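Biologist: Before I draw anything from a model like this one, I would like to learn how to read its features one at a time. Could you take me through them, giving the general idea and then the case at hand?

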Amino acid sequence: RVSQLFDPSFAAASLSSAFVDELCAAIPALSPAAAALKAEVDMYRVAARAAPALDHNDVKAFTDGVLEFWRKQGSKMPAWRKAAKIVFAIPPTSAASERVFSLLEAMFGKGHDSALSDLIQAALMLRYNKRAVG
């Protein structure tokens, strides 16, 4: 829901200070910027209203349009630009990490859970202490 705030067509119609509070609650890293985001709300709304319409049915065109908007307008709203970079960097799914866990399970099986954690701990300790094994 909070990612909608970075869609200029949504912002033009619905952006408010209450949405900024919701954004900062959902993404704690943005909380320190709450006041700056609220100070730029009107500027963002004006820029969003002037932006070309986005085709929400074409994923590529929509993505390109949103990114182009932030490329052109971001310098006028530095707090929103920084927030957009943070939000756009959040993966929409946990599929990548789930794949890693599946690979680990396939390699070590459920019975090797403690052995795996011991191995990782030992490897990290050796690496941290710059010790070579061999």
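**Reading confidence, burial, salt bridges and a pocket**

Modeller: Let us start with confidence, since this is a predicted model. In the protein, the mean confidence is lowest in helix 7 (residues 95-108), at 70, whereas helix 3 has the highest, at 96. Over the protein the mean pLDDT is 85, with 88% of the residues reaching 70 or more.

Biologist: What should I keep in mind where pLDDT is low?

Modeller: The general idea is that predicted coordinates should not be read in detail where pLDDT is low. Here that bears on helix 7, where confidence is lowest, at a mean of 70.

Biologist: Then let us turn to helix 3. Where is Leu 37 placed, and is Leu 37 buried or exposed?

Modeller: Leu 37 belongs to helix 3, which covers residues 34-39. Burial is read from the relative accessible area, and because the value for Leu 37 is 0%, below the 20% cut-off, this residue counts as buried.

Biologist: Which residues is Leu 37 in contact with, leaving aside its neighbours within four places in sequence?

Modeller: Leu 37 is in contact with Val 20, Leu 23 and Cys 24, and also with Ala 79, Trp 80 and Ala 83. Taking the last of these, Ala 83 lies 46 residues from Leu 37 along the chain, yet the C-alpha atoms of the two are separated by 8.5 Å.

Biologist: Why does Asp 7 count as buried, and which residues does Asp 7 touch beyond those up to four places away in sequence?

Modeller: Asp 7, found in the segment before helix 1 (8-14), counts as buried because its relative accessibility is 9%. Not counting residues up to four places away in sequence, Asp 7 touches Tyr 44, Leu 54, His 56, Phe 62 and Val 66.

Biologist: How many salt bridges are there, and how should I read a single one?

Modeller: The count comes to 5 salt bridges. For each pair, I would look at the distance between the atoms, then at the place in the chain, then at accessibility. Lys 38 and Asp 21 form one, with their closest N and O atoms 2.7 Å apart. This pair links distant parts of the chain, as Lys 38 lies in helix 3 and Asp 21 in helix 2 (residues 17-26), 17 residues apart. Lys 38 is partly exposed at 33% relative accessibility, and Asp 21 is partly exposed at 40%.

Biologist: Which salt bridges join residues of a single helix?

Modeller: Among them are two pairs. Asp 42 and Arg 45, both in helix 4 (residues 41-50), are 3 residues apart, about one turn of the helix, and their side chains meet at 3.1 Å, N to O; Arg 45 is buried, at 18%. Glu 68 and Arg 71 meet at 2.6 Å, N to O, and because they are 3 residues apart in helix 5, about one helical turn separates them. Glu 68 is partly exposed at 30%, Arg 71 is exposed at 59%, and both are linked with Lys 72 in a network of salt bridges.

Biologist: Finally, how is empty space found, and what lines the largest pocket?

Modeller: Rolling a probe the size of a water molecule over the atoms shows where empty space is left. The largest pocket has a volume of about 370 Å³ and is lined by 16 residues, with Ser 3, Gln 4, Phe 6, Val 87 and Phe 88 nearest its centre. Helix 5 (59-73) and helix 6 (78-88) each supply at least two lining residues, and the largest share, 5 residues, comes from helix 5. By class, the lining has 12 nonpolar, 3 polar and 1 charged residues.

Key
Residues numbered from 1 in each chain as written. Predicted model: local features only at pLDDT ≥ 70, side-chain atom pairs only at ≥ 80, totals over all residues. Heavy atoms only, no water. Helix = DSSP H or I, 4+ residues; strand = E, 2+ residues; numbered from the N terminus. Buried < 20%, exposed > 50% of the residue type's maximum accessible area, 1.4 Å probe, protein only. Contact = heavy atoms within 4.5 Å. pLDDT = per-residue confidence, 0-100. 1 Å grid on protein atoms, 1.4 Å probe; cavity = no way out; pocket = protein on both sides within 12 Å on 5 of 7 lines; lining within 4 Å. Points joined across faces, edges and corners; volume = space filled by probe spheres on them. Nonpolar A, V, L, I, M, F, W, Y, C, P; charged D, E, K, R; others polar. Salt bridge = Lys/Arg side-chain N within 4 Å of Asp/Glu carboxyl O.
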